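Work through the exercises below with the sequence and the model side by side. Each task is followed by a solution in steps.

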Amino acid sequence: MDKIIQIPTEKLLPNPYQPRKQFKSEEMLSLSESIKENGVLQPLLCRQINNSDYYEVVAGERRLRASILANCQTVPCVIIDCDYESSAVFSILENIQRSDLDFFEEAQAISQLINHFGMTQEEIGKKLGKSQSALSNKLRLLKLPVDVRYFIEKEGLTERHARALLRLSKEKDMWTTLKIIKDRHLNVEQTEAYIDSITEKKAKPKRNVVRIFKDVRIFVNTFNKAIQTMKDAGIDAESDKTETDDYIEFRVRIPKDNQGKPIKDTEMCTNSA
């Protein structure tokens, strides 16, 4: 069993790669009261920094903070032998495995393992017991703008709300959607349905509206009425119609003495296609 030693709290430094960025005050106060009553039940894991009398917390920063709130002068620690990089990786993995990070903190932690320490998604997945697709979904959350992420955290929205927003390419649309989610108290299903509605609307190309009359009888009747109107007005107009498989042709003749000026024969054709 590893030896447990008491280390002064002022000699303990936080791990710079600690993935947890938010420590909820209510939970910290609750843990602090528990420590006052029962002490620190689980020792912190620490590593010595360059043979000095200072130590870096590998795992247990939350307990350290609560102990300081409880006015503890020392805390129980187990010293492990590891270098800076191993300490960082261990701290990140330990916090992810505890499952009490929020989803953005977890995504950021996975990103650190990949980008700072060269771990592959396969390696991380094996250590965490997660599939590569699950890790990829977590990492995609970091594509959301930082202020959008902050709003999601502040409003207590879920990871599925955040994933739904990834379908929107414009930040302006994200903020419009977030306002609607907040004002209407939309759950995940309602949020996804709303995003479906606006993405489908934008996907439809704008088309000029063209009226198509498929029945050429409408035009034929129009010509016939025009001829009849002229006849009713005393104009001795004449017309004849020729119909083929390809088109219908009308020839209209209006006497010159009815118009006062010469009018050429007018041919009007309507394709039946």
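**Exercise 1. A charged pair in helix 8**

Is Arg163 buried, partly exposed or exposed?

Solution. The structure is a predicted model, in which local features need pLDDT of at least 70, side-chain atom pairs count only at pLDDT 80 or more, and totals for chains, interfaces and linings use all residues. Residues are numbered from 1 along each chain as its sequence is written, and side-chain values use heavy atoms, with hydrogens and water left out.

Step 1. Buried means under 20% relative accessible area, exposed over 50%, and partly exposed in between, with a 1.4 Å probe and protein chains only. Arg163 has a relative accessible area of 31%, so it is partly exposed.

Step 2. Arg163 forms a salt bridge with Glu159, and their closest N and O atoms are 2.8 Å apart. A salt bridge is a side-chain nitrogen of Lys or Arg within 4 Å of a carboxyl oxygen of Asp or Glu.

Step 3. Glu159 counts as buried because its relative accessibility is 16%.

Step 4. Helices are DSSP runs of H or I with at least four residues, strands are runs of E with at least two, and both are numbered from the N terminus. Glu159 and Arg163 are four residues apart in helix 8 (residues 159-165), so about one helical turn separates them.

Step 5. Salt bridges also link Glu159 and Arg163 into a network with Glu106, Lys130 and Lys138.

**Exercise 2. Other salt bridges**

Count the salt bridges, then place the pairs Glu122 with Lys126 and Arg167 with Asp196.

Solution. Step 1. The count is 15 salt bridges.

Step 2. Between Glu122 and Lys126 the closest N and O atoms are 3.8 Å apart. Both residues belong to helix 5 (residues 121-128), where they sit four residues apart, about one turn of the helix. Glu122 is partly exposed at 44%, whereas Lys126 counts as exposed at 66%.

Step 3. Arg167 and Asp196 meet through their side chains at 2.4 Å, N to O. This pair links distant parts of the chain, with Arg167 in the loop between helix 8 and helix 9 and Asp196 in helix 10 (residues 188-203), 29 residues apart. Arg167 is partly exposed at 42%, and Asp196 is partly exposed at 30%.

**Exercise 3. Aromatic pairs**

How many aromatic pairs does a search of the whole structure find?

Solution. Step 1. The search finds two. Rings of Phe, Tyr and Trp (its six-membered ring) pair if their centres lie within 6.5 Å; planes under 30 degrees apart count as stacked, over 60 as edge-to-face and the rest as tilted.

Step 2. Phe103 and Phe104 make a tilted pair, 4.8 Å centre to centre with 55 degrees between the planes. Phe103 counts as buried at 15%, as does Phe104 at 4%.

Step 3. Phe151 and Trp175 make an edge-to-face pair, 5.5 Å centre to centre with 75 degrees between the planes. Phe151 lies in helix 7 (residues 146-154) and Trp175 in helix 9 (residues 171-184), so the pair ties together parts that are 24 residues apart in sequence. Phe151 is buried at 13%, while Trp175 is partly exposed at 31%.

**Exercise 4. The two sides of helix 7**

Which residues of helix 7 are buried, and what covers them?

Solution. Step 1. Val148, Arg149, Phe151 and Ile152 are buried in helix 7. They lie on the same side of helix 7 because they cover an arc of only 160 degrees around the axis, the arc being that of the directions from the helix axis to the C-beta atoms. Val146 and Tyr150 are exposed on the other side of helix 7.

Step 2. The cover over the buried residues includes helix 4 (103-115), helix 8 and helix 9.

Step 3. Contact means heavy atoms within 4.5 Å. Asp147, Val148, Phe151 and Ile152 of helix 7 meet Glu171, Met174, Trp175, Leu178 and Lys182 of helix 9.

**Exercise 5. Positive phi**

Where does Asn71 lie?

Solution. Step 1. Asn71 is in the loop between helix 2 (61-69) and strand 5 (74-79). Its phi is positive, near 65 degrees, in a residue other than glycine. Asn71 counts as exposed at 60%.

Step 2. His185, also not a glycine, has a positive phi of about 55 degrees. His185 lies in the loop between helix 9 and helix 10 and counts as exposed at 65%.
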